[in-house]
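Here are a few short exercises to work through at your own pace. Have a look at the structure first, then try each task before reading its solution.

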Amino acid sequence: MNAREARGSIGRERTSGAPQRRTLSALRLSAAAALLALLLSACSGGGQPPQAAPGAAAGAQGGQAEAGGAPAGTGDTGSASGEALGGSGEAGTSAAPAEGAEAGTSGAENPPPAEAALPGLDASGRPLVIGFSMDTLLEERWKKDRDLFRAAAEKLGAQVVVKSADGDDARQVAQAEAMISQGVDVLVVVPHNAEATAAIVSKAHKEGIKVLSYDRLITNADVDLYVSFDNVEVGRLQAKAMLSLVPEGNYAYIGGAATDNNAHQFKQGVFDILQPLIDRGDIRIVYDQWSKDWKPLYALDNMREALAANGPTGIDAVIAANDATGGSVVEALGERGLAGKIPVAGQDADLAAIRRIAAGTQTMTVYKPIGRLAEETAKLAVALAQGEKPLTSRWVNNGKIEVPSILLPPIAVDANNIDSTVIKDGFHTRAEVYGSGK
Ligand code: BGC
């Protein structure tokens, strides 16, 4: 069975009672009918996807098969594709979307009426399957990404299969290959290693599957779409915030993973702002190191080294590439009684960082509303799976092509705007940030 056939089998498996094999002419018929339905809906001004059908919305809230175990929806059909996609992963798909999809359609061979069609259903009314290949689920933000992305996709009627590579390049490629051969309709990839994941793109394209780079850019590959935040701007926001407090002095830069394109973009943004002051002699960079794999332990070593090399009065400000590494910076400063005395910037608006900001040991972070990223990506992944070519107004060079890109704006957060940003958005609750007393 090739990947295209396998894709068909995934759709069948997720909607009970569907025929085991459909002829090409039946496929053409239902595709033509769906096209007609789309045209009708466009004529009636229905260009936007209609709101989620009740069944699909329930699916978005429904229980997820979180760790191990085959998801209920794939059941015991015994199909190889179901086992490979759902049975072994870090997260499976829930049964609910398939049920929701069934409720909204009138059977495999009869296309749904235009007003009932969800964008995440294929021409015959079956949920599209999105493969979500993730670097890791160990950090706070990526669990949020997974949950929000799945909820957003299910709201559109699609299903999501999640695989986490635990920071292992070979595993990420192998997991993606498995999803490709099992016939996902589109792949969304958070690369652990920007270069290594290029292999996923070429393999997916051979099978006619489009690849969307999520948050981090896959480099040197024909990536179909890149959806992220403006990561250069993240770095600029950090540097501007630090400069407003320390316009002259010694800066340490604790970088992220050199294998992650974002880490380079964050750093580029920081130095866009600092360089003129460095050139003038107002700012000196007294330490600048990557932290392998974004691991806080390496960042801790780095910050200890920076302090050892420069002495307790030799560093006036620290910019850390994210909040996890920022936490290590604060820890190392704390070991010398300096926490809260030297401004520290991070990014991600992790709960621990927001609490440090409230407590005064971290100066600022950069908030990236992940819910928006997840929603945009879900819509665009569905569009790619439907064969559409989404329009973008930005392009990011990945070493091979100018990748069509959507870059969402990041927001600087310090002690003054915690309430009007992360708390207002429900990213964290007031009680989580301040404790129940405030
Ligand atoms: C993301 C950050 C994250 C870091 C470590 C980066 O690519 O943009 O938000 O903190 O990876 O996971």
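**Exercise 1.** How far from an oxygen atom of the ligand does a polar side-chain atom of D348 lie?

*Solution.* Before you start, know that this is a predicted model, where local features need pLDDT of at least 70 and side-chain atom pairs count only at pLDDT 80 or more, while totals for chains, interfaces and linings use all residues. Residues are numbered from 1 along each chain as its sequence is written, and side-chain values use heavy atoms, with hydrogens and water left out.

- Step 1: go to D348 and find its polar side-chain atom, which is 2.4 Å from a ligand oxygen.
- Step 2: check how covered the ligand is. Alone, the ligand exposes 310 Å², and the protein buries 100% of that (areas are from the Shrake-Rupley method with a 1.4 Å probe).
- Step 3: try R141, where a side-chain N or O atom sits 2.9 Å from an oxygen atom of the ligand.
- Step 4: do likewise for N262, where the distance is 3.0 Å.

**Exercise 2.** Where does D215 lie, and is D215 buried or exposed?

*Solution.*

- Step 1: look in the loop between strand 4 (210-214) and strand 5 (225-229), and there's D215. Strands are DSSP runs of E, at least two residues, and helices are runs of H or I, at least four, numbered from the N terminus.
- Step 2: D215 has a relative accessible area of 1%, so it counts as buried (buried is under 20%, exposed over 50%, partly exposed in between, with a 1.4 Å probe and protein chains only).
- Step 3: follow the D215 side chain to the side chain of R141, with which it makes a polar contact at 3.2 Å. Such a contact is a pair of N or O atoms within 3.5 Å; within protein, one must be able to donate a hydrogen and the other to accept it, and residues adjacent in sequence count only if both atoms are side-chain atoms.

**Exercise 3.** Which strand holds V366, and how far is V366 from L237?

*Solution.*

- Step 1: V366 is in strand 10, residues 364-367.
- Step 2: its relative accessible area is 0%, so V366 is buried.
- Step 3: jump to L237, which is 129 residues away in sequence but 7.4 Å away in space, C-alpha to C-alpha.
- Step 4: beyond neighbours within four places in sequence, V366 has contacts (heavy atoms within 4.5 Å) that include L237, D348 and I411.
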